[in-house]
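Work through the exercises below with the sequence and the model side by side. Try each task before reading its solution.

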Amino acid sequence: MEYVKEINAVVNRFIWGRGMLAVFLFVGVMFTVRTGFFQFTKVRIWLGKTMGEMFRDRRVRRTEEEHSISQFQSFCTALAATLGTGNITGVAAALIAGGPGAIFWMWVSAFLGMMTIYAENLLGIRYRYKNRKGEWVGGAMVYIERGLGCKWLAVLFAVFCIFASFGMGNMTQANSMASGLKESLSIPPFITGAVVTLVVAAVILGGVKRIAAVTEKVVPFVALFYMAGGMLVLIHFRAEVPGAVRMIFEEAFRMKAVGGGVIGYGIRQAMKIGISRGVFSNEAGLGSSVMAHAASDVKSPAIQGMWGILEVFIDTIVVCTMTALVILSSGVYKPQVYLSNMARGIENVDGTTLTGEAFSTVIPFGDKFLAISIVLFAFATMVGWAYFGERTAAYLFGEKSAFLYKMVYVLMILLGCMMTPHLAWEVADTFNGLMALPNMTALILLSGEVVYITKGYIKNKQ
């Protein structure tokens with residue numbers, strides 16, 4: 001295990017160095033500028049074509065096509081994979097390791113990431129195709145192969161995506177779930193792993209139709225359940241909320257030293273943690289959620305791209321912000337304790353425990369409320385990422401390999417429940433970065449197509 005830690009640490013430092021963070025920001029800025037700041041200036045268009053159409057047009061929620069899922073179902077499947085424990089444990093971990101300023105940089109990565117994921121989904125629809133069964137085949141590996149004509153880079157992405165599905169979509173979710181249930185309900189991690197393994201298997205073995213049917217019900221419920229609890233805390237501490245927001249902005253640009261000789265986090269640490277945790281949460285730039293969006297019955301690439309914008313908005317701007325404000329306004333956040341522990345090599349409180357303490361300040365049995373939220377979030381993420389990994393496995397080894405992948409995937413849940421939290425998050429961070437490398441390359445080289453299709457869509461709507 002120590003050997004794994006050492007190797008992962010070396011790769012992680014390389015992947016999440018200044019260069020990689022700059023690439024994430026550059027791609028987001030590039031698409032934002034070249035599309036005329038679409039996520040801001042055309043907010044009425046993308047909200048209208050997503051949430052607006054969802055209430056106006058039944059066909060957005062249901063599809064008559066046998067081998068497709070609806071736009072709303074594809075959105076829920078993608079959101080299920082992103083709306084995971086990163087929104088809870090990941091945000092708390094960002095505050096502990098990077099300070100309140102990390103939340104600001106998480107916002108920055110999200111607003112820029114809206115256009116990154118828009119481009120991914122647009123290209124996903126642009127280059128998808130149907131297999132012999134009439135099923136849509138799409139994803140970042142498809143637009144890398146067909147758009148760039150670069151098969152080896154597509155294969156590289158698919159390999160990284162499979163490993164990321166075990167880390168980001170599986171082990172970290174299982175680990176957070178097991179930790180929360182152990183702390184709040186004294187349920188042994190092995191029991192958690194065994195039960196979740198059976199439930200996840202029952203869903204993913206039913207194929208994309210069953211996955212979509214489950215996620216379109218689970219995701220709205222999970223989001224509303226967690227947001228309701230968060231609002232109770234924020235209403236109780238409403239006088240502290242403005243101070244918490246001010247702290248986020250102030251700490252985002254604090255150079256290093258605070259008063260009294262105490263050392264703060266610094267801009268570099270806040271940026272690194274905030275951007276990496278933001279990417280971990282909303283997955284903009286990874287190319288993962290394209291698989292779910294590519295299965296949609298949508299006709300316009302631009303419209304499916306807009307569902308991606310909404311996905312990032314809900315995941316990071318809404319839910320992650322809720323978690324951060326709950327922790328900062330409740331009084332449980334102790335930054336100098338965390339900094340002191342890091343300086344002395346002492347392991348800090350984990351994100352699950354910290355968030356549970358924040359909810360417990362207002363909600364009776366708040367730790368149990370959080371444990372239930374984590375279980376629901378983690379379950380949704382596991383189901384969504386199982387589909388992503390299955391599609392990449394099928395791309396690499398053929399459709400017959402999908403079943404074997406699913407079997408390995410559900411068994412990995414047990415391993416995730418037994419791992420230490422720190423190692424689980426670090427391994428997931430590493431595979432996220434590796435997966436982003438080929439995807440970002442394709443996005444940059446195919447950016448002209450994204451801009452051309454977007455401007456054409458806007459022109460037709462004017």
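The exercises that follow concern a predicted model and deal with one helix, its salt bridges and its cysteines.

**Exercise 1. A helix and its buried face**

Task: Determine how the span of helix α11 compares with the expected value, which of its residues are buried, and where they lie around the axis.

Solution.
1. Helix α11 covers residues 189-204, which is 16 residues. From first C-alpha to last it reaches 22 Å, close to the 22 Å expected at 1.5 Å a residue.
2. Buried means under 20% relative accessible area. In α11 the buried residues are P189, T192, G193, V196, T197, V200, A201, V203 and I204.
3. Viewed down the axis of α11, these buried residues fall within an arc of 155°, so they line one face of the helix.
4. The spacing fits a general rule: an α-helix has 3.6 residues a turn, so residues three or four places apart point the same way.
5. The buried residues of α11 pack against four helices: α10 (151-185), α12 (207-236), α19 (366-397) and α20 (401-418).

**Exercise 2. The surroundings of E390**

Task: Find the helix that holds E390, decide whether E390 is buried or exposed, and list its contacts.

Solution.
1. E390 is found in helix α19.
2. Its relative accessibility is 8%, so E390 counts as buried.
3. With neighbours within four places in sequence left aside, E390 is in contact with A402, Y405 and K406.
4. The side chain of E390 also makes a polar contact with the side chain of R391, at 3.0 Å.

**Exercise 3. Salt bridges**

Task: Count the salt bridges, then trace the network that includes E390.

Solution.
1. A salt bridge needs a side-chain nitrogen of Lys or Arg within 4 Å of a carboxyl oxygen of Asp or Glu. By this rule there are 6 salt bridges.
2. One of them joins K406 and E390, with the closest N and O atoms 3.8 Å apart. K406 lies in helix α20 and E390 in helix α19, so this pair ties together parts that are 16 residues apart in sequence. Both K406 and E390 are buried.
3. Another joins R391 to E399, where the closest N and O atoms are 3.1 Å apart. R391 has 12% relative accessibility and counts as buried, whereas E399, at 34%, counts as partly exposed.
4. Taken together, E390, R391, E399 and K406 are linked in a network of salt bridges.

**Exercise 4. A link between distant parts of the chain**

Task: State how far apart in sequence R126 and E449 are, and whether they are buried or partly exposed.

Solution.
1. R126 and E449 form a salt bridge, their closest N and O atoms being 3.6 Å apart.
2. R126 belongs to helix α8 (residues 101-127) and E449 to helix α22 (residues 447-461); the two are 323 residues apart, and the pair links distant parts of the chain.
3. R126 is partly exposed, with a relative accessible area of 40%. E449 is also partly exposed, at 24%.

**Exercise 5. Cysteines**

Task: Count the disulfides and examine C150 and C320.

Solution.
1. A disulfide requires two cysteine sulfur atoms within 2.5 Å. The count is 0 disulfides.
2. C150 is in no disulfide, and the nearest cysteine sulfur, that of C161, is 17 Å away. At 15% relative accessibility, C150 counts as buried.
3. For C320 the closest cysteine sulfur is in C76, 17 Å away, too far for a bond. C320 counts as buried, at 2% relative accessibility.

Definitions and conventions. Residues numbered from 1 in each chain as written. Predicted model: local features only at pLDDT ≥ 70, side-chain atom pairs only at ≥ 80, totals over all residues. Heavy atoms only, no water. Expected span 1.5 Å × (residues − 1). Buried < 20%, exposed > 50% of the residue type's maximum accessible area, 1.4 Å probe, protein only. Arc of directions from axis to C-beta. Contact = heavy atoms within 4.5 Å. Polar contact = N/O pair within 3.5 Å; in protein donor to acceptor, adjacent residues only side chain to side chain.
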